[in-house]
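Biologist: I am new to this structure and would love a close look at one part of it, the charged side chains and how they pair. Could you walk me through them, and then show me what lies around them?

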Amino acid sequence: MIDKVIRLFKMLNAIQANPGITAKELAIKCDTAERTIYRDLRVLDLIAPVTNEGYGKGYTFMGNFSMYPLNFTEQEAMVLSMLPSVVDKHKLPDGFETAYDKVMATHLKEKSRNKDIVQNITDAIQMGMPAYKEETTQNFLFDILQAILGHKTIEAVYHTQSRNTETKRSIDPYYLVPRDKRFYLIGFCHRAQAIRTFRLSRFKAVDVTNLTYSKGDFSIKQYLKNTWSIERGEEHIQFKVKFSPAIARYIKEEELFVRPKMRDLPNGSLIFEVTLNHDREFLNWVYQYGPNAEILEPKSYRETMKEQLQAWMNVYK
């Protein structure tokens with residue numbers, strides 16, 4: 001049985017290294033009969049997309065299938081590492097130990113390479129930080145990226161700004177979302193037993209555990225539907241804003257996370273309509289355009305805008 005497993009690995013490696021290799025050539029490489037190769041190919045059909053393009057053209061992999069990187073899970077790597085201790089070494093064929101060492105070396109090299117890639121990415125990302133924090137504040141971007149890629153639960157200490165409290169939480173990190181020069185982590189919070197959004201700069205400590213998780217049917221697109229930036233609510237607000245001709249073309253170039261309806265007016269103005277589940281971030285965006293942006297609907301927000309303008313006028317009297 002061990003002989004057959006090793007032969008199948010040899011065949012897979014030979015097909016990847018020599019697309020179009022024939023059964024006869026495979027038999028020579030594996031030191032076996034051509035009839036045995038044909039039997040083994042029927043087994044390979046169950047685990048790899050091996051195809052024959054026609055008589056005399058040999059065997060190759062369909063599409064972009066490849067044996068590398070090995071990409072073992074932690075459990076697979078552990079099982080493979082235990083293999084020499086659970087088999088009778090005296091019954092192993094020549095070459096097993098060197099083949100085994102090459103497989104494990106490739107796995108460890110690939111694992112190290114992936115870690116280096118993530119480290120290089122995090123080093124290249126220049127993150128801002130709250131004004132009150134020291135420059136030596138630890139950056140947990142690398143740890144969280146590693147946890148997301150490995151589907152590992154993190155143990156964290158998180159500062160909740162609204163309550164000015166710190167809590168210990170177990171979080172299954174799903175996605176890192178960049179918004180307004182910041183990173184936010186979206187994941188399942190075990191403490192709340194619900195999906196939550198965390199601002200990266202508010203983490204006080206992060207430890208990656210060995211516990212794995214599954215995102216199930218979670219959809220980031222559905223989760224952020226009708227969300228202007230990152231702040232979510234349960235409302236259903238239909239905004240209508242008129243932008244002046246002076247900035248209408250710039251509004252059309254804005255890179256948004258929701259899809260608005262836009263309609264040009266004869267005088268060059270732009271009618272901008274969008275449905276959102278929260279108002280604050282959208283209103284802050286509208287405010288930056290000053291008198292070039294007029295909120296038309298909902299009517300209640302027009303009144304709120306008038307009150308806010310009056311309050312500003314009182315400040316500058």
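Modeller: Here is a tour of the charged side chains, followed by the cysteines, a helix and some backbone details. Please keep in mind that this is a predicted model.

Let us begin with the pairs. Side chains of opposite charge can pair when their charged atoms come close. In this structure, there are six salt bridges. A good one to find on your screen is the bridge between E294 and K242, where the closest N and O atoms are 4.0 Å apart. This pair ties together distant parts of the chain: E294 sits in strand β11, residues 293-297, while K242 belongs to strand β8, residues 237-243, and 52 residues separate the two. With a relative accessibility of 31%, E294 is partly exposed. K242 is partly exposed too, at 30%. The pair also has company, since K242, E294 and R302 are linked in a network of salt bridges.

Next, turn to K252 and D264. Their side chains meet in a salt bridge with an N to O distance of 2.8 Å. Here again distant parts of the chain are linked, with K252 in helix α8 (residues 248-253) and D264 in strand β9 (residues 261-264), 12 residues apart. K252 has a relative accessibility of 43%, so this lysine counts as partly exposed.

The bridge between E303 and K306 has a setting of its own. Its closest N and O atoms are 3.5 Å apart. Both residues lie in helix α10, which covers residues 299-315, and they are three residues apart, about one turn of the helix. Why does that spacing suit a pair? An α-helix has 3.6 residues a turn, so residues three or four places apart point the same way. E303 is partly exposed at 42% relative accessibility, and K306 is partly exposed at 48%.

Just before that helix there is a backbone detail to look for. P298 is in the loop between β11 and α10. The peptide bond leading from E297 to P298 is cis, with omega near -5 degrees. If you follow the chain from the strand that holds E294 to the helix that holds E303 and K306, you can look for this proline in the loop between them.

Charges can also gather without opposite partners. K4, R35, R39 and R42 form a patch of positive charge on the surface. Which element gives the largest share of this patch? Helix α3, residues 34-44, contributes three residues to it. R39 is found in that helix, and its relative accessibility of 43% makes it partly exposed.

Another lysine to visit is K10, in helix α1, which spans residues 2-17. K10 has a relative accessible area of 45%, so it is partly exposed. Although K10 and K29 are 19 residues apart along the chain, their C-alpha atoms are separated by 8.0 Å.

From charges we can move to the cysteines. How many disulfides does a search of the whole structure find? The count is zero. Two cysteines to look at are C30 and C189. C30 is buried, with a relative accessible area of 10%, and C189 is buried as well, at 0%. A residue is called buried when this value is under 20%, so both cysteines fall into that class.

For a view of other buried side chains, go to helix α6, residues 141-150. Its buried residues are L141, F142, I144, L145, A147 and I148. Just after this helix comes H151, with a positive phi of about 50 degrees. H151 lies in the loop between α6 and β3, the latter covering 152-160. At a relative accessible area of 31%, H151 is partly exposed, whereas I148 is among the buried residues of the helix before it.

A positive phi also turns up at N226, where the angle is near 65 degrees in a residue other than glycine. N226 is found in the loop between α7, residues 220-223, and β8. Its relative accessibility is 27%, so N226 counts as partly exposed. Following the chain on from this loop into β8 brings you back to the strand where K242 meets its partner E294 from β11, which is a friendly place to end the tour.

Conventions:
Residues are numbered from 1 along each chain as its sequence is written. This is a predicted model: local features need pLDDT of at least 70, side-chain atom pairs count only at pLDDT 80 or more; totals for chains, interfaces and linings use all residues. Side-chain values use heavy atoms; hydrogens and water are left out. Helices (H or I, at least four residues) and strands (E, at least two) are DSSP runs, numbered from the N terminus. Buried means under 20% relative accessible area, exposed over 50%, partly exposed in between (1.4 Å probe, protein chains only). Patches are made of residues with over 30% relative accessible area and no salt bridge: like charges are joined within 9 Å, nonpolar side chains (Val, Leu, Ile, Met, Phe, Trp, Tyr) within 5 Å. Accessible areas come from the Shrake-Rupley method with a 1.4 Å probe; for residues, only the protein chains shown count as cover. Lys and Arg count as positive and Asp and Glu as negative; His and the chain ends are not counted. The place of a charge is taken as NZ of Lys, CZ of Arg, CG of Asp or CD of Glu. A disulfide is a pair of cysteine sulfur atoms within 2.5 Å.
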